[in-house]
Amino acid sequence: MKSISVKDLAALGDDTEIVDVREEDEYAAVRVPGARSIPLSRFVQSLAEVPASGTVYVMCAAGGRSAQATAYLEDQGYDAVNITGGIMQWQDEGHPVNRG
């Protein structure tokens, strides 16, 4: 499975397609600007919401749930990359977030 650090993800710029697999309440509390919410609890049923072309970067709180979703996406033929450290490390490193 391919992985990327939050530092390297931030360097990719604002047009990066990020799918956040945390639950809706977690996403509502804090998120990467522009990230798309597709909770892991309904991920398989919502596969059509995942962009079919280009690379998809998958995020959760710390990297565990996103690793599961990334592996599933790879099995389905997507170019998916797990974001290690998740939103917790993203915040710790001072990258921008939206809240509320």
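## Exercises on a predicted model

Strand 1 (residues 3-5) and strand 6 (residues 79-84) are paired in the parallel sense over three bridges; helices (H or I, at least four residues) and strands (E, at least two) are DSSP runs numbered from the N terminus, and two strands pair if DSSP finds at least two bridges between them. The model is predicted, with local features needing pLDDT of at least 70 and side-chain atom pairs counting only at pLDDT 80 or more, while totals for chains, interfaces and linings use all residues. Residues are numbered from 1 along each chain as its sequence is written, and side-chain values use heavy atoms, with hydrogens and water left out.

**Exercise 1.** Determine in which sense strand 5 and strand 6 pair, and which residue of strand 6 is the bridge partner of Val58.

*Solution.* Begin with the pairing: strand 5 and strand 6 run in the parallel sense over four bridges. Next, take the individual residues: Val58 has Asn82 in strand 6 as its bridge partner, and Asn82 also stands opposite Ser3. Finally, follow the connection, in which strand 5, helix 3 and strand 6 make a right-handed β-α-β unit (right-handed if, with the strands pointing away from the viewer, the path from the first strand over the helix to the second runs clockwise).

**Exercise 2.** Classify the ring pair of Phe43 and Tyr72, and place both residues in the chain.

*Solution.* Start from the rule that rings of Phe, Tyr and Trp (its six-membered ring) pair if their centres lie within 6.5 Å, with planes under 30 degrees apart counting as stacked, over 60 as edge-to-face and the rest as tilted. The count by this rule is one aromatic pair. Because the centres of the Phe43 and Tyr72 rings are 6.3 Å apart and the planes stand at 80°, the pair is edge-to-face. Phe43 belongs to the loop between strand 4 (36-37) and strand 5 (55-59) and Tyr72 to helix 3 (residues 64-75), so the pair ties together parts that are 29 residues apart in sequence.

**Exercise 3.** Decide whether Thr16 is buried or exposed, and state which residues Thr16 touches.

*Solution.* First locate Thr16, which is found in the loop between helix 1 (6-12) and strand 2 (18-20). With 15% relative accessibility, Thr16 counts as buried (under 20% relative accessible area, against over 50% for exposed and in between for partly exposed, with a 1.4 Å probe and protein chains only). Leaving aside residues up to four places away in sequence, Thr16 touches Leu9 and Tyr57, where contact means heavy atoms within 4.5 Å.
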